[in-house]
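Please look over the structure shown below. A short report on its fold, one helix pair and a few single residues follows.

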Amino acid sequence: MISVSAGHRAENKASEALSDNYLQHVFKMPELVSELKGFINNDDESLEAKPVPDSPPKLWMLGTSEKSAVFARDNNMNYCFGKFMSGSDPVDVLSTYREHSAGGEVIITVNVFCHEDDKTARQLAYSYAVNQALKSNGRAFKGVPSDEEMADIELTAEEKEETDNILSNLITGTPDKVKEELTELSEAYQADEFMIVTITHNIEDKLNSYRLLADCILKQQ
């Protein structure tokens with residue numbers, strides 16, 4: 001898989017617009033994608049990509065908005081919708097992607113926090129959401145805060161609201177509960193695949209979340 005990223009959350013637009021050469025990269029995206037397609041298809045006889053895989057790589061667009069969906073659709077690319085970092089309605093974005101055609105393959109990227117205990121799963125998600133909310137005020141930790149650090153955090157009213165907004169976009173719970181929600185999303189969005197993102201303070205919590213979800217899904221196939 002080869003992915004190209006486009007489309008960002010609204011609250012990030014200001015910082016992105018102020019970054020070096022941001023608009024230049026935006027304007028050059030069609031040219032860059034066309035060039036990448038040429039490399040994949042070996043259109044340039046003077047340049048050959050090696051080693052050549054048995055199956056040609058698939059080109060994907062990672063995006064968070066209808067704008068990126070339009071770009072992926074019009075350039076015959078598969079589409080990965082970053083639900084975990086988007087405030088856009090997935091139904092609207094994917095409907096735009098599939099407009100006028102069936103479109104290509106679709107991946108939905110989601111934040112998941114899975115644990116044997118539902119309360120622990122929610123706590124893992126809460127720590128992540130709090131740190132994300134703190135970023136808007138420059139108070140974020142270098143990583144997800146520990147339980148001890150969480151105990152000392154006092155959120156402003158604005159940060160509490162942002163934390164709740166972030167939590168509403170996360171999938172948390174026991175393996176069966178998470179599997180059920182993923183199944184519902186798959187049917188609602190007609191997704192071919194999910195990409196799971198789990199960010200925790202302790203690496204063991206991350207690995208355990210992946211392990212529990214994998215075991216739950218695979219044992220029922």
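In which hand, left or right, does α5 pass α7 in their crossing? The crossing is right-handed. This answer, like every value here, comes from a predicted model.

**The helix pair**

Two packed helices are described by the angle between their axes and the distance between the axes. Helix α5 covers residues 118-135, and helix α7 covers residues 157-167. Their axes come within 8 Å and cross at roughly 130°. That angle falls outside the ranges for parallel, perpendicular and antiparallel, so α5 is oblique to α7.

Which residues in α5 meet α7? They are Ala 125, Tyr 126, Tyr 128, Ala 129, Val 130, Gln 132, Ala 133 and Leu 134. From α7 come Glu 159, Glu 162, Thr 163, Ile 166 and Leu 167. By class, this contact has 9 nonpolar, 2 polar and 2 charged residues.

Gln 132 lies in helix α5 and takes part in the contact with α7. Gln 132 is partly exposed, with a relative accessible area of 25%. Its C-alpha atom is 9.3 Å from that of Glu 159. The two residues are 27 apart along the chain.

**Glu 66**

Helix α3 spans residues 66-74 and includes Glu 66. Glu 66 is partly exposed, at 39% relative accessibility. Setting aside neighbours within four places in sequence, Glu 66 is in contact with Asp 92, Val 93 and Thr 96. The C-alpha atoms of Glu 66 and Pro 90 are separated by 9.1 Å. Pro 90 is 24 residues away from Glu 66 along the chain.

**Cysteines**

How many disulfides does the count give? It comes to 0 disulfides. Cys 114 is in no disulfide. The nearest cysteine sulfur to that of Cys 114 belongs to Cys 216, 7.3 Å away. A disulfide needs the two sulfur atoms within 2.5 Å, so this pair does not qualify. Cys 114 is buried, and Cys 80 is also buried.

The accessibility values for these residues are collected here.

| Residue | Relative accessible area | Class |
|---|---|---|
| Cys 80 | 5% | buried |
| Cys 114 | 1% | buried |
| Gln 132 | 25% | partly exposed |
| Glu 66 | 39% | partly exposed |

**The whole chain**

The chain has 221 residues, and buried residues make up 35% of them. Its secondary structure comes to 9 helices and 6 strands. Take the contacts between residues at least 6 apart in sequence: 62% of these join residues at least 24 apart.

Key:
Residues are numbered from 1 along each chain as its sequence is written. This is a predicted model: local features need pLDDT of at least 70, side-chain atom pairs count only at pLDDT 80 or more; totals for chains, interfaces and linings use all residues. Side-chain values use heavy atoms; hydrogens and water are left out. Axes are lines fitted to C-alpha atoms, for helices over the stretch in contact, and angles run from 0 to 180 degrees between N-to-C directions. Helices (H or I, at least four residues) and strands (E, at least two) are DSSP runs, numbered from the N terminus. Angles under 35 degrees count as roughly parallel, over 145 as roughly antiparallel, 65 to 115 as roughly perpendicular and the rest as oblique. A crossing is left-handed if the near helix is turned anticlockwise from the far one by less than a right angle, and right-handed if clockwise. Contact means heavy atoms within 4.5 Å. Ala, Val, Leu, Ile, Met, Phe, Trp, Tyr, Cys and Pro count as nonpolar, Asp, Glu, Lys and Arg as charged, and the others, Gly among them, as polar. Buried means under 20% relative accessible area, exposed over 50%, partly exposed in between (1.4 Å probe, protein chains only).
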